[in-house]
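Trainee: I've got a protein model open and I'm not sure how to read it. Can we go through it together?

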Amino acid sequence: MLHCPNPPPATVVLDPYDDVIHTRAALASHAPHDGCITVHPTPGADSSIALAYDILAALGKPVPLDVHHRIDPAPAWSIAAAWILAVRFGRDVTGMFGFVCH
């Protein structure tokens, strides 16, 4: 498991009315090379593996196509973490936005 002794702050915006201004702000903030990504979680997915793959998709990286459902999320998160570190180009991660699909 990867360990981050000083994780960056996380901001959570609760938007029960699905206001377009929040969606536009999150999409406008998507800048992986500047340390900020906007993630669209897969609708109906309830696993941490799916979220790791959604992060890969947000980074524009290939998502592994597993023939069999995996139980261990560690490989998926290791891949996502490696790409997050790779696209930073030495900069600090400043934020991650997520949309809750309903």
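What follows is a chat that works through this predicted model, from the overall layout down to single residues.

Trainee: Let's start simple. In what order do the elements of the protein run from the N terminus on?

Mentor: Remember that we're looking at a predicted model. It has three helices and two strands. Walk along from the N terminus and the order you meet is α-β-α-α-β.

Trainee: How much of the surface that the protein exposes do carbon and sulfur atoms supply?

Mentor: Start with the total: the protein exposes about 7,500 Å². On the inside, buried residues make up 23% of the 102 residues. As for the exposed area, the share from carbon and sulfur atoms is 64%.

Trainee: Which element supplies the largest share of the largest nonpolar core?

Mentor: In soluble globular proteins, nonpolar side chains tend to be buried together. Here the largest such core has 13 residues, and Ile-37, Val-39, Tyr-53 and Ile-55 are among those with the most contacts inside it. β1, α2 and α3 each supply at least two residues of this core. The largest share, six residues, comes from α2.

Trainee: Okay, so how many of the 11 residues of α2 are buried?

Mentor: Let's look along the helix: the buried ones include Ile-49, Ala-50 and Ala-52. Tyr-53, Asp-54, Ile-55, Leu-56 and Ala-58 are buried too. α2 is largely enclosed by the rest of the structure, because its count of buried residues is eight.

Trainee: Asp-54 caught my eye in that list. Which side chain does the side chain of Asp-54 make a polar contact with?

Mentor: Asp-54 sits in helix α2 and counts as buried because its relative accessibility is 9%, while the cut-off is under 20%. Leaving aside its neighbours within four places in sequence, Asp-54 is in contact with Val-39, His-40, Pro-41 and Thr-42. The polar contact, at 2.6 Å, is with the side chain of Thr-42.

Trainee: What about Thr-38? Which backbone oxygen does its side chain reach?

Mentor: Thr-38 is found in strand β1. With a relative accessible area of 4%, Thr-38 is buried. At 2.5 Å, its side chain reaches the backbone oxygen of Ala-26.

Trainee: Now the end of α2. Is Gly-60 buried or exposed?

Mentor: Gly-60 follows α2 and has a positive phi, near 75 degrees. You'll find Gly-60 in the loop between α2 and α3. The cut-off for the outside is over 50%, and the relative accessible area of Gly-60 is 60%, so Gly-60 is exposed.

Trainee: On to α3. How far apart are its end C-alpha atoms, and what span should we expect?

Mentor: α3 has 14 residues, and we allow 1.5 Å a residue. That gives an expected span of 20 Å. The model agrees, because the end C-alpha atoms of α3 are 20 Å apart.

Trainee: Within what arc do the buried residues of α3 fall?

Mentor: First, pick them out: Ala-76, Ala-80, Ala-81, Ile-84 and Val-87. Seen down the axis, they line one face of the helix, because they fall within an arc of 140 degrees.

Trainee: Which residues is Ala-80 in contact with, leaving aside its neighbours within four places in sequence?

Mentor: Ala-80 is one of the buried residues of α3. What covers those buried residues includes α2, which is a good place to look for partners. The contacts of Ala-80 are Ala-52, Ile-55 and Leu-56.

Trainee: And Ile-79? Which residues does Ile-79 touch, not counting residues up to four places away in sequence?

Mentor: Ile-79 lies in helix α3 too, but at 33% relative accessibility it counts as partly exposed. Its C-alpha atom and that of Val-63, 16 residues apart along the chain, are separated by 9.4 Å. The residues Ile-79 touches are Leu-56 and Pro-64.

Trainee: Last one. How far apart in space are Trp-83 and Ile-55, C-alpha to C-alpha?

Mentor: Trp-83 is in helix α3 and is partly exposed, with a relative accessible area of 32%. Not counting residues up to four places away in sequence, Trp-83 touches Leu-56, Leu-59 and Lys-61. Trp-83 and Ile-55 are 28 residues apart in sequence, and in space their C-alpha distance is 9.2 Å.

Definitions and conventions
Residues numbered from 1 in each chain as written. Predicted model: local features only at pLDDT ≥ 70, side-chain atom pairs only at ≥ 80, totals over all residues. Heavy atoms only, no water. Helix = DSSP H or I, 4+ residues; strand = E, 2+ residues; numbered from the N terminus. Buried < 20%, exposed > 50% of the residue type's maximum accessible area, 1.4 Å probe, protein only. Areas by Shrake-Rupley, 256 points an atom, 1.4 Å probe, with all protein chains shown as cover. Core = buried A, V, L, I, M, F, W, Y, C linked by side-chain atoms within 4.5 Å. Contact = heavy atoms within 4.5 Å. Expected span 1.5 Å × (residues − 1). Arc of directions from axis to C-beta. Polar contact = N/O pair within 3.5 Å; in protein donor to acceptor, adjacent residues only side chain to side chain.
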